[in-house]
Amino acid sequence: MSTVLSPAAPAAPDLARSAQQVLHEVFGYGRFRGEQRQIIEHVCAGGDALVLMPTGGGKSLCYQVPAIARHRAGLGVAVVVSPLIALMHDQVGALAELGVAAAFLNSTLDADEARRVERELLAGTLTLLYAAPERILTPRFLAMLESLHERGLLSLFAIDEAHCVSQWGHDFREEYLGLSALHERFPAVPRLALTATADDHTRADIVQRLQLQAARLFVASFDRPNIRYTIVEKDEPRKQLLRFLRDEHEGDAGIVYCQSRKRVEETAAWLAAEGLTALPYHAGLDADVRRRHQDRFLREDGIVMVATIAFGMGIDKPDVRFVAHLDLPKNIESYYQETGRAGRDGLPADAWMAYGLADVVNQRRMIDEGDAGEEFKRLQRAKLDALLALAEAHDCRRVRLLAYFGQSYGSSTGLPGSNAPPRGAATEGSLGARCGNCDSCLNPPATWDATEAARKALSCIYRFRQQGDAGLGPRSFGVVHLIDVLRGKATDKVAQFGHERLSTFGIGADVSEAQWRLVLRQLIALGHVRTEGEFNTLALNESAREVLRGGVPVTLRMPSEARARAKAARVRGGAGKPPPLPLDDPGLLCFAELKRWRAEVARAHNLPAYVVFHDATLAEMARERPASLDALAAIGGVGAKKLEAYGSEILRVLAAAG
Ligand code: ADP
Ligand code: ZN
């Protein structure tokens with residue numbers, strides 16, 4: 001284009017310095033996190049980048065800082081492509097609080113509002129504009145971009161949730177495919193694509209479909225060190241959940257995931273009856289109710305959202321303190337994504353899951369009975385198996401989780417993407433490592449050699465069939481009856497079928513019922529035993545032969561619940577558990593005062609509380625007790641605009657808190 005009147009591009013070192021200043025002044029942060037600096041400098045200097053970073057890693061700053069720095073240098077507006085309306089609103093609201101000129105264009109605006117935003121856009125006064133992909137690809141919008149570009153006022157494209165371009169992933173969006181047009185029409189404008197989806201396949205799709213072959217790849221570590229992983233055996237799931245909520249998360253905000261709508265309703269009602277502020281959320285609820293519940297979750301403190309996986313995508317509330325699963329997720333990718341919604345602010349958070357035999361049975365059945373093709377089912381089964389291995393593991397959960405994504409624990413940040421090993425491979429070396437922040441590390445489970453017990457169970461299932469074939473009753477029975485027979489219990493059913501005469505009757509009396517359930521769960525999880533029909537009766541798979549012959553050793557965790565209960569007090573007493581916030585008692589009181597003040601401000605401004613200040617920022621204030629505006633400015637998260645707007649009030653609250 002011959003008419004480009006772009007101001008002389010500022011030198012890269014100037015922009016890098018400016019980026020540092022923006023971080024400090026606008027966001028109030030002292031340091032870049034992980035690879036933010038390299039990413040931001042690369043983009044400020046006009047390079048393309050693909051950023052893979054876990055949820056909470058700080059992706060937004062990677063484009064917001066360059067957008068502000070480049071705008072200050074006279075390079076115009078950054079256009080952010082985002083598929084999520086709720087997220088656009090939040091981000092624009094938060095940027096406004098920071099004094100940054102940002103706006104969005106989406107279907108929630110009426111024609112007048114949209115015109116106003118378009119006028120600001122064309123005038124070059126905006127620093128960031130958020131828009132949905134379908135909007136960006138309209139001829140009208142492209143013409144506006146053209147006009148900006150001709151005047152040197154199109155500074156950057158950021159493509160958020162870039163995995164939406166891949167059919168392989170979970171959130172494919174047709175419109176994302178059209179985004180390669182941006183590169184074709186504006187090849188000189190730097191582009192930054194960002195996603196929290198780690199797998200190789202999705203990454204390759206992004207590069208190819210968005211034409212990012214020349215972009216620099218940044219792959220952060222996918223570890224979330226502040227999240228504590230715990231997987232307990234299901235015993236009385238609701239009571240276990242309640243104990244977890246009461247003992248560890250009184251007054252905290254969090255999400256409880258359930259598989260079905262019915263279970264969501266029941267669990268929410270039950271928790272509410274127990275005195276918690278719990279709200280249901282699932283796709284079957286009225287759109288109005290859903291919006292209201294989501295709003296309350298974002299805006300109020302301490303709401304427990306009980307939800308199906310319909311909830312969560314695009315919720316970037318930073319102070320979610322726990323994610324609990326009452327049912328097994330579909331696979332490790334889902335588990336990682338869902339648990340990843342906890343602790344975005346970097347403060348300690350819990351990922352807690354209760355898991356039991358019925359989960360395994362249900363998930364297997366859902367795959368078997370689904371109408372997907374055989375190959376897809378095989379893939380789903382393999383993915384489920386990997387998740388079950390994580391749940392049954394007696395070594396470090398985090399090490400296993402990262403190994404699944406092809407990363408080894410402790411490899412710090414920034415595995416160069418191209419050298420990253422394929423998922424699930426090459427990390428055996430780190431499998432002995434321990435993170436110190438999962439249930440297995442904090443409370444190493446006792447194990448027992450269950451080889452003999454497994455053989456007894458299999459042979460009993462085999463005897464049922466033999467007897468059935470001889471015309472003496474059904475050929476197969478369910479878990480409960482099997483355990484009764486193994487333990488030699490004289491029930492009506494045993495008498496009815498003459499099972500006290502089986503050679504396997506009573507051969508397992510020395511193993512507890514809970515242990516037997518574990519043995520069976522393991523045998524089903526490993527695929528040696530399957531369940532059939534309406535009553536989930538048990539049948540042997542081919543692979544059971546080898547176990548029966550004694551050729552496959554079976555090592556199991558001891559049932560954990562009793563142990564966990566016994567040790568809970570000790571763990572809570574401080575054996576490794578970080579306090580919810582690193583504050584002493586007066587600090588906690590002061591923190592509570594600050595939160596009360598924040599809640600008032602948030603209500604008055606109609607904003608979520610975390611947009612005013614994050615918990616981490618309030619906690620640092622409560623710890624450091626700054627007594628002057630200068631001292632307050634040194635607190636992480638207090639930028640120039642917020643200092644001006646809230647500084648004196650905060651000093652007043654701090655002084656009053658003593
Ligand atoms: P993501 O989009 O990757 O999930 P966000 O951009 O929402 O993550 O960032 C997560 C949290 O970390 C936000 O609360 C953000 O303000 C904070 N954060 C990001 N970068 C920094 C930094 N350099 N220093 C301190 N806090 C940061
Ligand atoms: Zn661990």
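The site of the zinc ion (ligand 2) in this predicted model is tetrahedral, with angles of 101 to 117 degrees among its 4 donor atoms; four donors count as tetrahedral if all angles lie between 85 and 135 degrees. The ion is coordinated at 2.3 to 2.4 Å by the SG atoms of Cys-396, Cys-435, Cys-438 and Cys-441, where donors are N, O and S atoms within 2.8 Å of the metal (3.2 Å for Na, K and Ca) and water is not among the atoms, so that sites may look incomplete. Along the sequence, the spacing of these donor residues is C-x38-C-x2-C-x2-C. Distant parts of the chain are thereby linked, since Cys-396 lies in the loop between α15 (374–392) and α16 (397–404), whereas Cys-441, 45 residues apart from it, belongs to helix α17 (residues 439–442); helices (H or I, at least four residues) and strands (E, at least two) are DSSP runs, numbered from the N terminus. Cys-396 and Cys-441 are both buried, a class that requires under 20% relative accessible area, with exposed meaning over 50% and partly exposed in between (1.4 Å probe, protein chains only).

The model is predicted, so that local features need pLDDT of at least 70 and side-chain atom pairs count only at pLDDT 80 or more, while totals for chains, interfaces and linings use all residues. Residues are numbered from 1 along each chain as its sequence is written, chains are lettered from A and ligands numbered from 1 in the order in which they are written, and side-chain values use heavy atoms, with hydrogens and water left out.

An open sheet of 7 strands, with parallel pairing, follows the order β3-β4-β2-β5-β6-β1-β7, two strands being paired if DSSP finds at least two bridges between them. Its edge strands, each of which pairs on one side only, are β3 (102–105) and β7. Neighbouring strands of this sheet are turned by 20 degrees against each other on average, direction ignored; axes are lines fitted to C-alpha atoms, for helices over the stretch in contact, and angles run from 0 to 180 degrees between N-to-C directions. Within the sheet, strand β2 (residues 77–81) pairs with β5 in the parallel sense over 5 bridges, and Val-81 has Ile-159 as its bridge partner in β5. Helix α5 (residues 111–123) packs on the sheet and touches β2, β3 and β4 (128–131), its direction making about 130 degrees with that of β3; contact here means heavy atoms within 4.5 Å. Helix α9 also packs on this sheet, where it touches β1, β6 and β7 and makes about 160 degrees with the direction of β1.

Strand β6 (residues 191–195) is largely enclosed by the rest of the structure, because 5 of its 5 residues are buried. Both of its faces are covered, with Arg-191, Ala-193 and Thr-195 buried on one side and Leu-192 and Leu-194 buried on the other. Strand β1 (residues 49–52) runs parallel to β6 and is joined to it by 4 bridges, Leu-50 having Ala-193 as its bridge partner. Strand β5 (residues 154–159) pairs with β6 over 3 bridges, likewise in the parallel sense, and the bridge partner of Ala-158 in β6 is Leu-192.

A further open sheet is formed by 6 strands in the order β8-β13-β12-β9-β11-β10, again with parallel pairing. Here β8 (227–233) and β10 (278–281) are the edge strands, each pairing on one side only, and neighbouring strands are turned by 15 degrees against each other on average, direction ignored. Strands β12 (residues 322–325) and β13 (residues 349–355) run parallel and are joined by 4 bridges, with Val-323 standing opposite Ala-351 in β13. Helix α13 (residues 332–339) packs on the sheet, touching β8, β9 (254–257), β12 and β13, and its direction makes about 145 degrees with that of β12.

Among individual residues, Gln-91 is located in helix α4 (residues 85–97) and counts as buried because its relative accessibility is 7%. Its side chain is joined to that of Ser-60 by a polar contact of 3.4 Å, a term for a pair of N or O atoms within 3.5 Å of which, within protein, one must be able to donate a hydrogen and the other to accept it, residues adjacent in sequence counting only if both atoms are side-chain atoms.

Most residues other than glycine have a negative phi. Gln-211, in the loop between α9 (200–209) and β7 (216–219), nevertheless has a positive phi of about 55 degrees.

Notes:
Four donors count as tetrahedral if all angles lie between 85 and 135 degrees; four count as square planar and six as octahedral if opposite donors are over 155 degrees apart and all others between 65 and 115; anything else is irregular.
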